[in-house]
Amino acid sequence: IQKEFIMITKQIRNLTKEKIINTAMKQLAAGGLAKLSLRKIASELNVQVSALYNHFPKKQTLIIALQSHYLASSDHFLAINFETLSWQDFLNDIATTTRNEFLTHPFALELFASHSSDSKESALHFEKYLQKMLDFGFTLHHAAQISQTIYTYTCGFTNFELGILNSQTDNEISPTLSSAIKEMTPLGTKFHAEYSFNFDRDFAFGINSLIAGFSQYLDGITK
């Protein structure tokens, strides 16, 4: 019993935030946020769940740490061109880069889209974005609203795209409609017969439409 106690004590002493985060990131990448469990993390690290609470008293604290870790180790924001001379190109670059990051790492979409990003890294990235938008002549309020709109669209579109790509059947892409429904919905039937998904094209259409809308809306309220 004494040897077992000594071994458990040593395991707890050797338990670090970094070990917990690395184990959690592996679970997150393998099964998504729904499969992330403090109990499973503790089991893999051979400690009691209570030992994790010394570092992360609740799951939300761990999620913020995972967001921080991901941003610190990802090249996502390094790919955004903060030297661009056009605010339209700047927003387009942010949206496209974010979408590509989420498509490459689907668990990151779940990690950031389902929880507020309260890490220091998130705050610093947002600060850099806001400063760039202020340099372009936007107000602080409008810069923040535009960021939220672009981010919401990008998350929603990418989530839909991943759902289609991960679908096991073609029904979601090309719905099979009965003859009766086709007769009642000629326009929808014609659309489904002619339309084919092109996610790059569709995403670009949405982002460019938003950017054009921002420009038109802001021109209207400043006149």
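# A guided tour of a helical chain

Of the 223 residues in this chain, 35% count as buried, and the model you have open is a predicted one. With the whole chain shown as a cartoon, you will find 12 helices and 0 strands, so the stops below are named by helix, since helices are numbered from the N terminus. If you switch to a surface, the chain exposes about 14000 Å², of which carbon and sulfur atoms supply 56%. Among contacts between residues at least 6 apart in sequence, 71% join residues at least 24 apart.

**First stop: helix α2**

Select residues 17-31, which make up α2. Its 15 residues, at 1.5 Å a residue, should span 21 Å, and the end C-alpha atoms are 21 Å apart, which agrees. Now show the side chains of Ile20, Ile21, Thr23, Ala24, Met25, Gln27 and Leu28, which are buried in this helix; the buried residues of α2 pack against α3, α4, α5 and α7. Just after α2, select glycine 32, which takes a positive phi of about 80°.

**Second stop: the largest nonpolar core**

Keep α2 in view and add Ile20, Ile41, Leu52, Leu62, Leu66 and Leu111, the residues that touch the most other members of the largest nonpolar core, a set of 31 residues. The elements that give two or more residues to this core are α2, α3 (38-44), α4 (49-52), α5, α7 and α9, and α5 gives the most, with 6 residues. To see one member in its surroundings, centre on leucine 66 and, leaving out residues up to four places away in sequence, display what leucine 66 touches: Ile21, Ala24, Met25, Leu28, Leu36 and Leu111. Apart from this core lies another, of 22 residues, and Leu130, Met133, Phe203 and Phe214 are among them.

**Third stop: serine 68 and helix α8**

Return to α5 (residues 59-73) and select serine 68, which lies in this helix. Is serine 68 buried or exposed? With a relative accessible area of 18%, serine 68 is buried, because the cut-off for that class is under 20%. Not counting residues up to four places away in sequence, serine 68 touches Ser119 and Glu121, and a polar contact of 2.3 Å joins the side chains of serine 68 and glutamate 121.

Glu121 brings you to α8, where the buried residues are Glu121, Ser122, Tyr129, Leu130, Lys132 and Met133. Select residues 120-135 to show this helix: at 1.5 Å a residue its 16 residues should span 22 Å, and its end C-alpha atoms are 23 Å apart, which agrees. To see what covers the buried residues of α8, add other helices, including α5, α6, α7 (106-113) and α9 (140-165). Just after α8, glycine 137 takes a positive phi of about 105°.

**Fourth stop: the salt bridges**

Side chains of opposite charge can pair when their charged atoms come close. The structure holds 4 salt bridges, and the tour visits some of these pairs in turn.

Begin with arginine 99 and aspartate 200, which form a salt bridge with their closest N and O atoms 2.9 Å apart. This pair links distant parts of the chain, since arginine 99 belongs to helix α6 (residues 87-104) and aspartate 200 to helix α12 (residues 199-222), 101 residues apart. The two partners differ in their cover: arginine 99 is buried, with a relative accessible area of 4%, whereas aspartate 200 is exposed, with a relative accessible area of 52%. Add Glu161 to the selection, and you have a network of salt bridges that links Arg99, Glu161 and Asp200.

Next, move along α12 to arginine 201 and aspartate 202, whose salt bridge has its closest N and O atoms 2.9 Å apart. Arginine 201 is partly exposed, with a relative accessible area of 39%, while aspartate 202, at 17% relative accessibility, counts as buried.

Finish with helix α11 (residues 186-194), where glutamate 194 and lysine 190 lie 4 residues apart, about one turn of the helix. Their side chains meet in a salt bridge of 2.7 Å, N to O. Colour this pair by accessibility, and glutamate 194 is exposed, with a relative accessible area of 58%, whereas lysine 190, at 46% relative accessibility, counts as partly exposed.

Key:
Residues numbered from 1 in each chain as written. Predicted model: local features only at pLDDT ≥ 70, side-chain atom pairs only at ≥ 80, totals over all residues. Heavy atoms only, no water. Buried < 20%, exposed > 50% of the residue type's maximum accessible area, 1.4 Å probe, protein only. Polar contact = N/O pair within 3.5 Å; in protein donor to acceptor, adjacent residues only side chain to side chain. Contact = heavy atoms within 4.5 Å. Expected span 1.5 Å × (residues − 1). Areas by Shrake-Rupley, 256 points an atom, 1.4 Å probe, with all protein chains shown as cover. Core = buried A, V, L, I, M, F, W, Y, C linked by side-chain atoms within 4.5 Å.
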